[in-house]
Amino acid sequence: MSTCDSPGGLRGAWRHLVEDLDIVLAKDPAAGSRLEVLLYPHIHALWTYRVANWFYRRNRRFMARALSMFGRWVSGIEIHPGATIGRRFFIDHGSAVVIGETVRIGDDVMLYHQVTLGSVGWWRDLAGDLSERRHPELEDGVIVGTNASILGAVTIGARSLVGAHTVVMESVPPDSRVSARSMPVLITSTSPDADADAEVEQPAPTAAKNLDTTTIRGTTNR
């Protein structure tokens with residue numbers, strides 16, 4: 001995972017800003033120009049998060065949280081200033097996305113709207129070591145569909161796809177496809193070296209067994 005806090009001064013910062021705009025143009029057919037992308041809620045939330053994260057890592061928590069609240073107000077996207085987010089991150093549409101404090105997001109990750117990257121519950125968090133990770137890690141190239149929830153200190157392996165409305169509370173290996181269209185949750189490898197028809201059935205987490213939801217494989221349609 002790379003970060004955007006690398007040296008390079010104003011020139012490096014400018015390259016990161018242009019990269020943020022260009023990844024939207026590359027992934028959203030509805031985007032027509034960098035100028036138009038400047039109006040995307042994702043950009044407002046991401047750039048506000050970057051500044052808030054700078055304050056957070058310097059233990060200026062009040063300013064960090066104030067900026068986080070401002071970012072939520074203008075974009076509808078809640079990113080905790082303590083989260084770690086890599087390069088070329090994109091939240092399509094954006095509304096109601098929640099990203100927790102100890103979330104780690106790799107490079108080239110894409111989320112759709114209403115995604116939650118959260119903890120399993122405050123009662124478990126307070127009972128454990130608060131210095132440990134309580135939220136998910138999304139490795140490079142992960143895509144998460146609309147209204148999916150990934151909860152707890154789990155890891156979603158690189159290049160995996162998490163389908164819409166899926167609840168994930170267990171780690172997923174790289175190159176997997178996670179769907180909750182039926183219970184238990186199905187994890188299907190997307191590796192080019194794997195048998196296209198091979199599926200590994202894993203038991204659904206207890207908290208997800210009683211869900212009455214239908215989930216489409218992969219990501220949502222635009």
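**Reading helix H3 and a surface patch**

Me: I've got this predicted model open. Which residues make the nonpolar surface patch of about 530 Å²?

Reply: Trp122, Trp123, Leu126 and Leu130 make that patch. One of them, Trp122, sits in helix H5, which runs over residues 122-127.

Me: Does Trp122 count as buried or exposed, and why?

Reply: The idea is to look at relative accessibility: over 50% is exposed, under 20% is buried. Trp122 comes out at 59%, so it counts as exposed.

Me: What about Arg57, and where does it lie?

Reply: Arg57 is in the loop between H3 and H4. Values in between those two cut-offs are called partly exposed, and Arg57, at 41% relative accessibility, therefore falls in that class. Its C-alpha atom is 7.4 Å from that of Gly82, although the two are 25 residues apart along the chain.

Me: How do I check the span of helix H3?

Reply: Take 1.5 Å times one less than the number of residues. H3 has 16 residues (41-56), so 22 Å is expected, and its end C-alpha atoms are indeed 22 Å apart.

Me: Which residues of H3 are buried, and what covers them?

Reply: Among the buried ones are His42, Ile43, Leu46, Tyr49, Arg50, Asn53 and Phe55. Their cover includes helices H1 (9-27), H2 (34-37) and H4 (61-75), along with strands E1 (78-79), E2 (84-85) and E3 (90-91).

Me: What is the mean pLDDT of the protein chain?

Reply: It's 83, with 78% of the residues at 70 or more. Over residues 194-222, though, the pLDDT is below 50; that stretch still has 61 contacts in the model beyond near neighbours in sequence.

Definitions and conventions
Residues numbered from 1 in each chain as written. Predicted model: local features only at pLDDT ≥ 70, side-chain atom pairs only at ≥ 80, totals over all residues. Heavy atoms only, no water. pLDDT = per-residue confidence, 0-100. Contact = heavy atoms within 4.5 Å. Helix = DSSP H or I, 4+ residues; strand = E, 2+ residues; numbered from the N terminus. Buried < 20%, exposed > 50% of the residue type's maximum accessible area, 1.4 Å probe, protein only. Patch = residues over 30% accessible without salt bridge, like charges linked within 9 Å, V, L, I, M, F, W, Y side chains within 5 Å. Areas by Shrake-Rupley, 256 points an atom, 1.4 Å probe, with all protein chains shown as cover. Salt bridge = Lys/Arg side-chain N within 4 Å of Asp/Glu carboxyl O.
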